[in-house]
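Colleague: I should be grateful for a close look at a single part of this model. Please then set that part in the context of the whole chain.

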Amino acid sequence: MSNEFSSHVDVSGEDIHWDFSEDMSYGRYLRLDDLLGAQHRLTDAHDEVLFIVIHQVAELWMKLCIHELTGAIKHIKKDDFGPALKMLTRISRVQEQLIGSWRVLGTMTPSDYLVFRDSLGHSSGFQSVQYRTLEYTLGNKNPAMARVHEGDPAAYAVVQKALTQPSIYDEVLAALARAGFAVPEEALTRDWSQPYKTDPRIEDVWREIYHDLERHWPYYELGEKLVDLEDKFQQWRFSHMKTVERIIGYRKGTGGTSGVAYLEKALALRFFPELWTVRTSL
């Protein structure tokens, strides 16, 4: 074996395609001209590029989360849990990437951010159509949050659709009812646009499932995937809150919220409450 190192990879024996004038290329398939041309700074601040990229990447990951969540719901409605479990697992892995992105943004100091913060005006992640769609689909139904999109009819229609349709938890409860579990009728016919209210009878259903795993394994596994998804979502929220605190302290957010104080309140929200409360009584 030679101890010499090459300064380049020898491609002379490779059957590489060099001409893409009449063929699909990597760049055209991914529309990289559009994607990489979308980072338009409003200032000359060096860290503004980081700020833009982090948020654009987050929107791409959220797009995938919504895609997977929509697919999972379709399978749950057909009682086809295998593909749904795979999709929910994928969302959890995406959430790990979103959590990691806050650590990257955390390399920006307060001084770095204040150089360009004023140029953002009132723009804020609070206005993200995809984040609101994701939260509504997961079950955080707060109709008031949709108001920020009223000035954009297309965006408003998207969030209203997510608001008025059953969440993934609503669909899971419907699947449990189809399987013969004693899910109360009120949980199956409620106004989907309103916040979900915890019901001790649904906690009883989950307790029955958790007490007999061999018999109820598919529903137990589905419940645990939901717990994992919410756990990751809470970690994402927490990382967001701590990154904001690190960079701007307790200043108000650009969108008008109280900033860190608002993000702290969001940590108390639960998507699938009985899956958490049942753990105390098992």
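Modeller: What follows treats one surface patch and then the whole protein.

This is a predicted model, in which local features need pLDDT of at least 70 and side-chain atom pairs count only at pLDDT 80 or more, while totals for chains, interfaces and linings use all residues. Residues are numbered from 1 along each chain as its sequence is written, and side-chain values use heavy atoms, with hydrogens and water left out.

On the surface, a patch of positive charge brings together Lys74, Lys77, Lys78 and Lys161. Such a patch consists of residues with over 30% relative accessible area and no salt bridge, like charges being joined within 9 Å. A salt bridge here is a side-chain nitrogen of Lys or Arg within 4 Å of a carboxyl oxygen of Asp or Glu. The place of a charge is NZ for Lys, CZ for Arg, CG for Asp and CD for Glu. Lys161 lies in helix 7, which covers residues 153-164; helices are DSSP runs (H or I, at least four residues) numbered from the N terminus. With a relative accessible area of 52%, Lys161 is exposed, a term for values over 50%, whereas buried means under 20% (1.4 Å probe, protein chains only).

As for the whole, the protein has 13 helices and 0 strands, a strand being a DSSP run of E of at least two residues. Of its 282 residues, 42% count as buried. The protein carries 32 positive and 41 negative charges, whose mean positions are 6 Å apart; Lys and Arg count as positive and Asp and Glu as negative, without His and the chain ends. The C-alpha atoms fill a box of roughly 65 × 55 × 40 Å along the principal axes.

Terms used: Patches are made of residues with over 30% relative accessible area and no salt bridge: like charges are joined within 9 Å, nonpolar side chains (Val, Leu, Ile, Met, Phe, Trp, Tyr) within 5 Å. Accessible areas come from the Shrake-Rupley method with a 1.4 Å probe; for residues, only the protein chains shown count as cover.
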